[in-house]
Amino acid sequence: MWRDSFRLQIFCLLMAVLAIVVLVHNFFQVEHLDDDTVSGSSWITENNVQHSLSQTTKTTRKSYCGYKQQTLSKREQAEQESLLAAIQWPKPPSGKIAFVQSTDPAHSDFVIVKPSGFFKVGDQLEVLVRMKDFQGKPKQYGGDYLQARIHSPLLKAGATGRIVDCHNGLYKVFFTLLWPGEVKVSVSLVHPSEAIQVLLRLREERPDRVYFKSSFKSGRYSETTECNVCLPGGLPVCNFTDPYTGEPWFCYKPRKLSCASRINHAKGGYHKGLLTQEESRLFQSAVNIKRPILSSGPDSVIVKPKAFTDSSNMARAEDPKVSPSGYYYEDEWRSRTHWVHRFNKSDDITKCLQGKVIHLFGDSTIRQWFEYLTAFVPDLVEFNLGSPKNVGPFMSVDLKHNILLKFRCHGPPIRFSTVFSSELRYIANELNGIVGGRNTVIAITIWSHFSTFPVEVYIRRLRSIRRSIIQLLDRSPKTLIVIRTANVQELGPEVSLFNSDWYSLQLDSVMRKMFSGIAVHFVDAWEMSLAHYLPHNLHPQEIIIKNQIDAFLSYVCPLQT
């Protein structure tokens, strides 16, 4: 009997231990439940993007790129293929090309065709550029990225040229001669064709080379995780895809906090070590990045004035394909697509903007417009919204003349310092919330922060913005909408890998095509920065901004001609 009682006690003890183990296990499961569920945002299921927008508890264990999963209509697919085909860039011959066989601007040269010819205002000037490698041998293929302009320093005049790649190492540049006097020619190699192929590879294979981060906070506890359009690896992610535009955005899920506890967004940094040693030789500031190509003969021509004055240099209607779209003369931009009035006095700007609401959407290059107008117009006073410096949103008010000026940055990807999650707005959504009308003015720019991503990401963003613009114009056709284009900037070895002018050129070309044919106007910041004598800068200097503002306000208050 004693033996049976002992066995019963042992059995009861084992059951008690087992019960304690189960209880402890369940306790930890409940305590860490947030690691496997989503509150406020859903997990990604790799096979069903639409399902990911609902409140689910699925996780992904593979790398995910939201833009690759988008479903396009036949029309959208055809448009995307057409846009990608339009920006196809010539490639070097297959096989590895040694650095000494790459393009060397020091050995290359240009010649003016008919340098001693008779030229008058309105004529075309042709320039032939001959590219050679570091051994002095002529290049046999194209694909180099060149920039060219004509200029007269004493007149503070300048204009860009149209470059034609002959695909055999030769390039033709065509300039329209738009002012009289001595006109000089300048040609620069921005990147050799071999470097362009590296930029192409990085854009397609390393869209994560700029990474972002978000902070998550609950009470005193906080975590920070990496975010992007594409997130590699097999960790769980929070899905912050916009439910209205469908714009994808993801963050790695915090270890303990829910996705709903995200409080901000910020630029994380730049990945290093993207190039091989041989590739890095293609990106040298004093060797092959934005280096001048010299003339082997005369580098200027004398241009005679026309026998009579007419308006032949002015296009009849606005056309984004007009080349050049304008030119500088005495430091003033003279557009060839629309009349530009000079707003040299603050009273002129006040009179133009009286009774109007002006919305500026985009990046820091259009924030410069907000800063210029607020500083130049005395009665336009910034209202302190407590926004982070250089981030926004910002607002200036002129109560006396009933003017409201607003700036808001576009949604992610945005490489600003910390932006509150509540202020992360997509331009398309903001446009949908605007009533519009004759006293509503909207200016948009969006380009620089998309340079590290495949072009499909940019096309998608522009498509949603365009859709909202069309809807806005349908309900309020008198609303004025202006698009500010991209601009050139100073380049070095590192900047080239993230924000090269070549990336900007590709995006700018896509943007112009996607917004052509609808009732929007363009301020050609690209030519206005490239044609000017000042050094290239991501944030152009004040005289260039002033000319951009003049062009912008000339749409708001057109001259009666």
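These legends describe close-up views of a predicted model, centred on helix α11 and the spaces it lines.

**View 1. Helix α11 has the span its residue count calls for.** The helix covers residues 501-515, 15 residues in total. At 1.5 Å a residue, α11 should span 21 Å. Its end C-alpha atoms are 21 Å apart, so the expected and modelled spans agree.

**View 2. The two ends of helix α11.** At the start, Ser500 turns a side-chain oxygen towards the helix. That oxygen comes within 3.0 Å of the backbone nitrogen of Trp502. After the helix comes Gly517. The phi of Gly517 is positive, near 90°.

**View 3. Helix α11 is mostly covered.** Of its 15 residues, 12 are buried. The buried set includes the aromatic side chains of Trp502, Tyr503 and Phe515. Leu507, Val510, Met511 and Met514 are buried as well. So are Asp501, Asp508 and Arg512, together with Ser504 and Gln506.

**View 4. The largest pocket holds about 1,200 Å³ of space.** Its lining counts 34 residues. Nearest the pocket centre lie Arg162, Ile163, Leu505, Ser509 and Trp526. Four elements give two or more residues each to this lining: β5 (145-152), β7 (162-165), α11 and α12 (525-530). Helix α11 provides the largest share, six residues.

**View 5. Two domains and three residue classes meet in the lining of the largest pocket.** Domain 1 (99-197 + 281-304) supplies at least three lining residues. Domain 3 (338-556) also supplies at least three. By class, the lining has 15 nonpolar residues. Another 10 are polar, and nine are charged.

**View 6. The second largest cavity also touches helix α11.** The whole structure has four cavities of 30 Å³ or more. The second largest of them holds about 70 Å³ of space. It is lined by 14 residues, and those closest to its centre are Thr445, Ile446, Tyr458, Ile483 and Met511. Elements giving two or more residues to this lining are α9 (455-475), β26 (480-484) and α11. The lining has 10 nonpolar residues, with two polar and two charged. Met511, listed here by the cavity centre, is among the buried residues of α11.

Conventions. Residues numbered from 1 in each chain as written. Predicted model: local features only at pLDDT ≥ 70, side-chain atom pairs only at ≥ 80, totals over all residues. Heavy atoms only, no water. Expected span 1.5 Å × (residues − 1). Buried < 20%, exposed > 50% of the residue type's maximum accessible area, 1.4 Å probe, protein only. Polar contact = N/O pair within 3.5 Å; in protein donor to acceptor, adjacent residues only side chain to side chain. 1 Å grid on protein atoms, 1.4 Å probe; cavity = no way out; pocket = protein on both sides within 12 Å on 5 of 7 lines; lining within 4 Å. Points joined across faces, edges and corners; volume = space filled by probe spheres on them. Nonpolar A, V, L, I, M, F, W, Y, C, P; charged D, E, K, R; others polar. Domains from an automatic or database assignment.
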